[in-house]
Amino acid sequence: MKITIKTFAHFKDICGFQEKELTVSDNITISDILREITRLHPEMHKHATSVLCAINQEYKDLNYRLNDGDKLALFPPVSGG
Amino acid sequence: MNEITFQKDPITQATINSKIGTHLDGAIVTFIGRVRKNSRGREVLYLEYEIYEEMARKELQKIEKEAVDRWSLNTCIIIHRIGRVEISETSIFIAVSSPHRKESFLAAEFIIDEIKKSVPIWKKEFYNDGSEWISERS
């Protein structure tokens with residue numbers, strides 16, 4: 001199935017992309033994807049406990065299983081205001 | 001009137017005055033967040049805000065709805081700057097109105113606190129010798 005990953009703030013700098021389409025296996029979780037991203041970009045490791053995740057603009061936890069067409073966003077704690 | 005705006009241009013007094021309050025309101029409370037020159041011991045030259053706009057709008061709508069329902073507000077205006085914002089400029093403007101003052105005070109504080117927890121907007125500070133993304137909770 002196909003999904004889109006978006007990154008923001010310093011995660012975008014670390015991962016080197018803002019938006020990417022990926023083909024992934026069925027039943028994959030956000031946690032699985034994050035593990036692969038951390039393998040490719042080891043600097044993500046130190047953010048492992050603070051990463052926030054959203055699917056289709058709604059906050060989800062790491063156990064969420066993705067569906068075809070989902071938009072996953074990975075970002076650090078927010079700092080607006 | 002409820003409104004959520006993200007804008008690159010400065011937030012002016014004219015923008016603000018035209019929107020707040022109804023004839024039912026005895027109180028208007030506004031909160032203005034500004035860009036500070038000093039942050040954690042470093043001199044800041046300016047900021048840049050990045051936003052996940054589709055999600056930020058949804059999150060703000062939830063916060064606004066909760067505040068309006070909880071404190072029976074007649075007005076709830078939230079304006080957040082995005083992109084580059086200079087020192088002393090307004091980065092966020094919140095205005096709420098209600099028949100009595102207590103509800104507006106509580107609502108304004110609730111709204112800014114919730115924005116700082118959940119709305120996907122990130123601040124990058126620029127200094128003489130570089131720049132840094134700021135994460136409030138890390």
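Which residue of E6(B) is the bridge partner of B:Gln7? The exercises below work towards this and related points.

The model is predicted, so local features need a pLDDT of at least 70 and side-chain atom pairs count only at pLDDT 80 or more, whereas totals for chains, interfaces and linings use all residues. Residues are numbered from 1 along each chain as its sequence is written, and chains are lettered from A and ligands numbered from 1 in the order in which they are written.

**Exercise 1. Locate the partner of B:Gln7 and describe the sheet around it.**

Solution. Begin with the pair of strands: E1(B) and strand E6 of chain B (residues 75–81) pair in the parallel sense over 6 bridges, where two strands count as paired if DSSP finds at least two bridges between them. Strands here are DSSP runs of E with at least two residues and helices are runs of H or I with at least four, both numbered from the N terminus. Within E6(B), the bridge partner of B:Gln7 is B:Arg81.

Next, place the pair in its sheet, which is open, has 4 strands in the order E1-E6-E8-E2 (chain B), and shows mixed pairing. Strand E1 (2–7) and strand E2 (27–34) of chain B stand at the edges with a single partner strand each, so one side of each has no neighbour in the sheet. From one strand to the next, the twist averages 5 degrees.

**Exercise 2. Identify the helices that lie across these strands, and give their directions.**

Solution. Take helix H2 of chain B (residues 53–71), which lies across E1, E6 and strand E8 (90–98) of chain B and runs at about 150 degrees to E1(B). Such angles run from 0 to 180 degrees between N-to-C directions, with axes as lines fitted to C-alpha atoms, for helices over the stretch in contact; contact between two residues requires C-beta atoms, placed from the backbone, within 7 Å. Then take helix H3 of chain B (residues 101–118), which lies across E2, E6 and E8 of chain B, running at about 150 degrees to E8(B).

**Exercise 3. Trace the sheet of chain B that contains E9 and E10.**

Solution. The order of this open sheet of 4 strands is E7-E5-E9-E10 (chain B), and its pairing is antiparallel. Its edge strands are strand E7 (83–86) and E10 of chain B, each of which pairs on one side only. On average, and with direction ignored, neighbouring strands of this sheet are turned by 25 degrees against each other.

Now follow the individual pairs. Strand E5 of chain B (residues 46–51) pairs with E7(B) in the antiparallel sense over 4 bridges, and B:Leu47 has B:Val85 in E7(B) as its bridge partner. Strand E9 (residues 121–127) and strand E10 (residues 130–134) of chain B are likewise antiparallel, over 5 bridges, and they form a hairpin with 2 residues between them. In E10(B), B:Glu132 is the bridge partner of B:Glu125.

**Exercise 4. Examine the backbone and the exposure of B:Ser72 and B:Ser88.**

Solution. As background, most residues other than glycine have a negative phi. B:Ser72, although not a glycine, has a positive phi of about 50 degrees, and its place is in the loop between H2 and E6 of chain B. With 13 other C-beta atoms within 10 Å, B:Ser72 is partly exposed, given that a residue is buried at 20 or more such neighbours within 10 Å, exposed at 12 or fewer, and partly exposed in between, with C-beta atoms placed from the backbone.

B:Ser88, also not a glycine, has a positive phi of about 75 degrees and is found in the loop between E7 and E8 of chain B. B:Ser88 counts as exposed, with 9 C-beta neighbours inside 10 Å.

**Exercise 5. Describe the contribution of chain A to the contact, and the confidence of the model.**

Solution. The contact takes 14 residues from chain A and 24 residues from chain B. Helix H1 (9–15) and strand E5 (71–75) of chain A each supply at least two residues of the side that touches chain B.

For chain A itself, there are 2 helices and 5 strands, which follow the pattern β-α-β-α-β-β-β along the sequence. Buried residues make up 25% of its 81 residues.

As to confidence, the predictor gives the complex an ipTM of 0.95 and a pTM of 0.94. Chain B averages a pLDDT (the predictor's confidence in each residue, from 0 to 100) of 93, and 98% of the residues score at least 70.
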